[in-house]
Amino acid sequence: VTCQRLAAVGRFSASLAHEIRNPLATIGGFAKQLLDLKDPAKAQRNLKIIVSEIEKLEDVLNNLLEFSSFPAAKKHEFLLREFFDEIVEVFSIRMEKRKAVLRVDVPPDLVLSADKAQMGEVMRNLITNSLDSLSSSGVVTVKAWREDADVIIEVSDNGTGFPPEQQKKVFEPFFTTKSHGTGLGLTIVKKLYREEPRRQYRHRLAHRGRNNRETVSSRRENA
Amino acid sequence: MKKTILLIEDEESQRILYQEEIEKHGYAVMTAADGHEGIEVIEKHPIDLAILDIRMPKMDGLETLGKLLSSRTNLPVIIYTAYSHYKTDFMSWAADSYLVKSSDLSELTRKIKELLGD
């Protein structure tokens, strides 16, 4: 067990170093070019790239902080459909850019008792993963329904899915199949769900199928 | 005639940066965003040296390295990556050089010149 933990720490450190080194090397390289640049248009281009790489570093840091400590959940009841309307709005530009569709199939009167910010973080990560797995013109579907005392939320897509050999690793910090991204998304999702004994997180990962789906369920307080 | 370097790198901003810096040293640069593209380029164009990132979508750098060398056995290859630990992977030993990415690109350009005898 100790060996496994040490190996995980090693992989974590290597991935973190990679996530920091890549944007840092790009920022440094373009900044050094700026020192001698006479062309204002090229200087502007360099600055834009530098700003975008800094944003990537900030993403790494934000995900790292979220991963290492979560504030205590502040629960309240809210309408899930309204919650997902906001999510659709947030993702609209990215969806349009990728020619993808985000479908929401949630009853208008379905109420969830949860920390809205944390649930937003969970959905942001799951939908981002789905979106990134789409080749082109794909569909991401969010469904929610009540099952006895549980509210089930399911995020599915018709993207590439995960090859079987990668499925065991998806919750490892910094494991990613993408060339960009921090590899902390599903780790954060799982951790958020572990913090809450009354919540469950289930996932079913498929490879190149139509059934890549992540399901979360939350039990009502009085159940 | 200028010697041609193939740069296989999935990050667009890094492709731009490395291409511009290498061209300053008098080389022509062709770029590819992943291993598949890189292999297509090498099959169609006379390439003198390849620079290869490791973590890329579709086909990673080590797999690409194997395919590049099977079609061009003597092609000099530099692995240029933000990871340092792949150095211990014997697959990477097939490359002529393994450099860790840095904002100082002089090490990369020095290695290119050394491998091309310039």
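# Buried ends and salt bridges

Analyst: In helix α1(B), the buried residues are Ser13(B), Gln14(B), Arg15(B), Leu17(B), Tyr18(B), Glu20(B), Glu21(B) and Ile22(B). Keep in mind that this is a predicted model.

User: Okay, why does Glu21(B) count as buried?

Analyst: Its relative accessibility is 16%, and buried means under 20%, so Glu21(B) makes the cut. Leaving out residues up to four places away in sequence, Glu21(B) touches Gln33(A), Leu105(B) and Thr109(B).

User: What makes the length of α1(B) agree with its number of residues?

Analyst: Twelve residues at 1.5 Å a residue should span 16 Å, where the sum uses one less than the number of residues. The end C-alpha atoms of α1(B) are 16 Å apart, so the two values agree.

User: What makes Glu21(B) and Lys24(B) a salt bridge?

Analyst: Their closest N and O atoms are 2.9 Å apart. The cut-off is within 4 Å, so the pair qualifies. The partners sit differently, though: Glu21(B) is buried at 16%, whereas Lys24(B) comes out at 58%. Exposed means over 50%, so Lys24(B) gets that label.

User: How do you know that Glu20(B) reaches across to chain A?

Analyst: Look at Arg45(A), which forms a salt bridge with Glu20(B), with the closest N and O atoms 2.6 Å apart. Arg45(A) lies in helix α2 (residues 40-68) of chain A and Glu20(B) in helix α1 of chain B, so the pair joins two chains.

User: Why is Arg45(A) called partly exposed, and why is Glu20(B) called buried?

Analyst: Arg45(A) has 24% relative accessibility. That falls between the 20% and 50% marks, so partly exposed is the right name for Arg45(A). Glu20(B) has 14%, which is under 20%, so buried fits.

User: And what makes Lys42(A) part of a network?

Analyst: Lys42(A) also meets Glu20(B), at 3.8 Å from N to O. That is within 4 Å, so this pair is a salt bridge as well. Lys42(A), Arg45(A) and Glu20(B) are linked in a network of salt bridges. In general, side chains of opposite charge can pair when their charged atoms come close.

User: How many salt bridges cross between chain B and chain A?

Analyst: The rule finds four across that interface, and a search of the whole structure gives eleven over all chains. The largest share of chain B's side of the contact, six residues, comes from helix α1 (residues 12-23) of chain B. That side divides into six nonpolar, six polar and eight charged residues.

User: How much area do chain B and chain A bury between them?

Analyst: About 1800 Å², with 49% of it on carbon and sulfur atoms. In chain B, Leu17(B), Arg55(B) and Ser103(B) lose the most area to chain A, together 32% of what that side buries.

User: What makes Lys101(B) and Asp53(B) a salt bridge?

Analyst: The distance is 3.5 Å from N to O, and the limit is 4 Å, so the pair passes. The two residues are 48 residues apart, with Lys101(B) in the loop between β5 (97-100) and α4 (106-116) of chain B, and Asp53(B) in the loop between β3 (49-52) and α3 (61-71) of chain B.

User: Are Lys101(B) and Asp53(B) buried or exposed?

Analyst: Lys101(B) has 2% relative accessible area and Asp53(B) has 4%. Buried means under 20%, so both residues are buried.

Conventions:
Residues numbered from 1 in each chain as written. Chains lettered and ligands numbered in written order. Predicted model: local features only at pLDDT ≥ 70, side-chain atom pairs only at ≥ 80, totals over all residues. Heavy atoms only, no water. Buried area = accessible area lost by both parts, 1.4 Å probe. Salt bridge = Lys/Arg side-chain N within 4 Å of Asp/Glu carboxyl O. Helix = DSSP H or I, 4+ residues; strand = E, 2+ residues; numbered from the N terminus. Nonpolar A, V, L, I, M, F, W, Y, C, P; charged D, E, K, R; others polar. Buried < 20%, exposed > 50% of the residue type's maximum accessible area, 1.4 Å probe, protein only. Contact = heavy atoms within 4.5 Å.
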